[in-house]
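Work through the exercises below with the sequence and model at hand. Try each task before reading its solution.

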Amino acid sequence: MATIKDVAERAGVAPSTVSYVLSGSRKISEDTRRAVQAAIAELGYHPRASARTLRSARTHVLALAVPRVPGEYRAIDGRFAVDVTDAARGHDHDVLLITDEDGVGGLRRVARSGLADAAVLMAVEERDPRIEVLHELGFPAALLGHDGHAGLPWTDLDWEAAVALALRETAAAGHRRIVFLSSAEHEIAARRGYALHGLDGARRAAHETGAEVRVVSSHRDPDVLGRRLREALTTSPAPTALVVQHLILLPHLLDAVASAGRRVPDDLSVVLVGSLPDELGIRHLPRIDLPVAEMSAAVARLAIEAVELGCGTTESSSAPLRTKTREARASNASPGAPYHPIQPRMAGPTIAPPAGD
């Protein structure tokens, strides 16, 4: 691995000059600065890995790791990016996006180069490989979502409780045959927390209510999803309610329902779990909104606290974020790490009873 001396030799300057360029602590001529930066790029020098003395220099930047599949649109990614940026700005921080699909390479580059003080991870998976990288590099972070093995600060909607609540309320309205549209197949296969916890909530509610709950996995391809929904909604006897965790674009969902010959809410009640607040076209549907603003504010605060407290510290000065509900104590919360679980709340109109009741 290249050292600061290697960079100095390549650029034809003293090691102290390289340090001055990196820290910005002294005025350096433009030609010298360019020569040093070119040497850094050629040698692949990473100051955070090679010069721990620079660690005290704060960038006031958070790196938001959002795994992105090229060409695939997810409204939730944009909403969180905006709200996390707003929350960070309230702490005089900016946000840098990491969008490579697995996130590992991007996190290594950012952590080693010192471009950011801490990371915020979205789409957290069980045994997420990004978390191993964070521990390896000693890089502060907080999670939007949680993995009980991570040992890192996190915030999330209690997805198990949310799905269970939506199904219980649907059953209480008189529905006995319910289709639960879960997260997409690829999200379940990746063992993302919200997908697995949602399935746990469906199993729990089916056991508690005695209702027939048919689980249908969503799909990233709208055509495949449409076929699955039509098949599920046209069985006999027909289901009278559809509870949806995987929130595709609402028009696509309603088109699939209409193509199955069902009318909302006349002969099919639709209940959303994790809908985006203020999304157009959802006001007429019973739902549990995803608390994006609260989660964004909490994760930005937790990430900045992780920097201030040191990478290996798990105690937080923020008592409200450590408050443990009964549900949180029973969940797979990371022991010792500060966290901010959010309990679900129903919103919108009352769930209509089955037609004819």
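Two exercises follow, one on a single residue and one on aromatic pairs.

This is a predicted model: local features need pLDDT of at least 70, side-chain atom pairs count only at pLDDT 80 or more, and totals for chains, interfaces and linings use all residues. Residues are numbered from 1 along each chain as its sequence is written, and side-chain values use heavy atoms, with hydrogens and water left out.

**Exercise 1.** Place Ala 8 in its helix and list its contacts beyond four places in sequence.

Solution. Start with the helix: Ala 8 sits in α1, residues 4–11 (helices are DSSP runs of H or I, at least four residues; strands are runs of E, at least two; both are numbered from the N terminus). Next, accessibility: Ala 8 counts as buried because its relative accessibility is 3% (buried is under 20% relative accessible area, exposed over 50%, partly exposed in between; 1.4 Å probe, protein chains only). Then the contacts (heavy atoms within 4.5 Å): Val 13, Ala 14, Pro 15 and Val 18. Last, Ala 8 and Val 18 are 10 residues apart in sequence, with C-alpha atoms 6.2 Å apart.

**Exercise 2.** Find the aromatic pairs and classify their geometry.

Solution. Apply the rule: rings of Phe, Tyr and Trp (its six-membered ring) pair if their centres lie within 6.5 Å; planes under 30 degrees apart are stacked, over 60 edge-to-face, the rest tilted. The count is 2. Trp 154 and Tyr 339 are stacked, at 5.2 Å between centres and 10° between planes. Trp 154 lies in strand β5 (residues 154–157) and Tyr 339 in strand β11 (residues 339–342), so this pair ties together parts 185 residues apart in sequence. Both Trp 154 and Tyr 339 are buried. Trp 159 and Tyr 194 are tilted, at 6.2 Å and 55°.
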